[in-house]
There are 2 protein chains.
Amino acid sequence: MDAFYLQHAIELARHHSRSGVNGPFGALVVSHGQIVGEGWNRVVEKNDPTAHAEIVAIRAACRQLASFDLPQAVLYASCEPCPMCMAAIYWARIPKVVYACSRDDAADIGFDDARIYDQIAQPPQDRQIEMIQSLAQEGRDVFAQWCRNPRRIMY
Amino acid sequence: MDAFYLQHAIELARHHSRSGVNGPFGALVVSHGQIVGEGWNRVVEKNDPTAHAEIVAIRAACRQLASFDLPQAVLYASCEPCPMCMAAIYWARIPKVVYACSRDDAADIGFDDARIYDQIAQPPQDRQIEMIQSLAQEGRDVFAQWCRNPRRIMY
């Protein structure tokens, strides 16, 4: 069934990028043999840089299942997920990803996936983005307050 | 002004995590000396694993400015952004980040940020998540279709 669902993700990419408004990426989330979320790149249409196909599909699936994680799901993507989407997959506890083309194919048509993978692996101070740490203890104090709360919900 | 805005991000984290429903993280986006987006962790409240403080703040700022990128902005975060949020910052072309505590402080209270940084840096086949590549040429064919479209919008 993996090839069937992956083909469907590629079809979403093809169909929804035809107008040129949005990027050529599609994704879907399958849980217990059901499609529970579909997504395609909507960055330009929505003015939302986080509206990648995988993020849209994960949000739709979580809404559909009324859950903040998807530990039984498989994510299908027409291209290897970028670091944003890949980390979202970890946060959603999705155990399996099937994808078609790669970060290098995305780089070949001008997308930054491969560069961002390289950047994220660097220590914060070595990145192209300026990163400044300050007030660390104040940040930790909020963590301590949260940890003292017996009603806190871990996610 | 960095300390002022960072303090505000920490205050968002403190205030909105008090009930225990949501995680102890806050963020804001400042552009041209104006706060254009605020966010706090809403993963549990919204059943959305992508609703981290930084993602919420970036989406709000882009909505406010009707733009899919924020090349003049600074992002302030009560904790070092996780790889999902960090990659979103790259996609949004935000050039500067100021943050308080770190991924290791987050790990100390049970969050996976540091582990996900380690995982994302691995080649796909070496991750704890099963990753399978297939139908690569079909994925590339969608890219080729998109590249032939003179009306395509790069983002």
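Before we start clicking, one definition: two residues are in contact when they have heavy atoms within 4.5 Å of each other. Keep in mind, too, that this is a predicted model.

**Stop 1: a histidine in a loop**

Select A:His52. You'll find A:His52 in the loop between helix H2 (43–46) and helix H3 (53–65) of chain A. Is A:His52 buried or exposed? Its relative accessible area is 8%, and buried means under 20%, so A:His52 counts as buried.

Now show what surrounds A:His52. Leaving out residues up to four places away in sequence, A:His52 touches A:Trp40, A:Asn41, A:Val43, A:Cys82, A:Met84 and A:Cys85, plus B:Trp91 from chain B.

**Stop 2: all of chain A**

Zoom out and colour chain A by secondary structure. You should be able to pick out seven helices and five strands. Trace the chain along its sequence and the pattern reads α-β-β-α-α-β-α-β-α-α-β-α. The C-alpha trace of chain A spans about 50 × 40 × 25 Å along its principal axes.

Switch on the surface of chain A next. About 6,200 Å² is exposed, and carbon and sulfur atoms supply 48% of that area. Of the 155 residues in chain A, 61% are buried. How much of the contact in chain A links residues 24 or more positions apart? Among contacts with a separation of 6 or more, such pairs account for 49%.

**Stop 3: two copies, one axis**

Bring chain B into view. Two copies of a chain are related by a rotation about an axis and a shift along it. Here, a turn of 180° with a shift of 0.0 Å along the axis lays chain B on chain A, with an RMSD of 0.0 Å. That makes it the relation of a two-fold axis. To find the axis from chain B, select B:Met84: its C-alpha is the one in chain B nearest the axis, 2.0 Å away. Both copies use the same surface, since 100% of the contact residues of chain B recur in chain A.

**Stop 4: a helix from each chain**

Finish by selecting residues 136–147 of chain A, which form helix H7, and residues 2–16 of chain B, which form helix H1. How do these two helices pack? Their axes lie 10 Å apart at an angle of about 5°. Angles under 35 degrees count as roughly parallel, so H7(A) and H1(B) are roughly parallel to each other.

Show the side chains where the helices meet:

- From H7(A): A:Glu138, A:Gly139, A:Val142 and A:Gln145.
- From H1(B): B:Gln7, B:Ile10, B:Ala13 and B:Arg14.

Colour these contact residues by type and you'll get three nonpolar, three polar and two charged.

Note on methods: Residues are numbered from 1 along each chain as its sequence is written. Chains are lettered from A and ligands numbered from 1 in the order in which they are written. This is a predicted model: local features need pLDDT of at least 70, side-chain atom pairs count only at pLDDT 80 or more; totals for chains, interfaces and linings use all residues. Side-chain values use heavy atoms; hydrogens and water are left out. Axes are lines fitted to C-alpha atoms, for helices over the stretch in contact, and angles run from 0 to 180 degrees between N-to-C directions. Helices (H or I, at least four residues) and strands (E, at least two) are DSSP runs, numbered from the N terminus. Angles under 35 degrees count as roughly parallel, over 145 as roughly antiparallel, 65 to 115 as roughly perpendicular and the rest as oblique. Ala, Val, Leu, Ile, Met, Phe, Trp, Tyr, Cys and Pro count as nonpolar, Asp, Glu, Lys and Arg as charged, and the others, Gly among them, as polar. Buried means under 20% relative accessible area, exposed over 50%, partly exposed in between (1.4 Å probe, protein chains only). Accessible areas come from the Shrake-Rupley method with a 1.4 Å probe; for residues, only the protein chains shown count as cover. Copies are superposed by least squares on the C-alpha atoms of residues with pLDDT of at least 70 in both.
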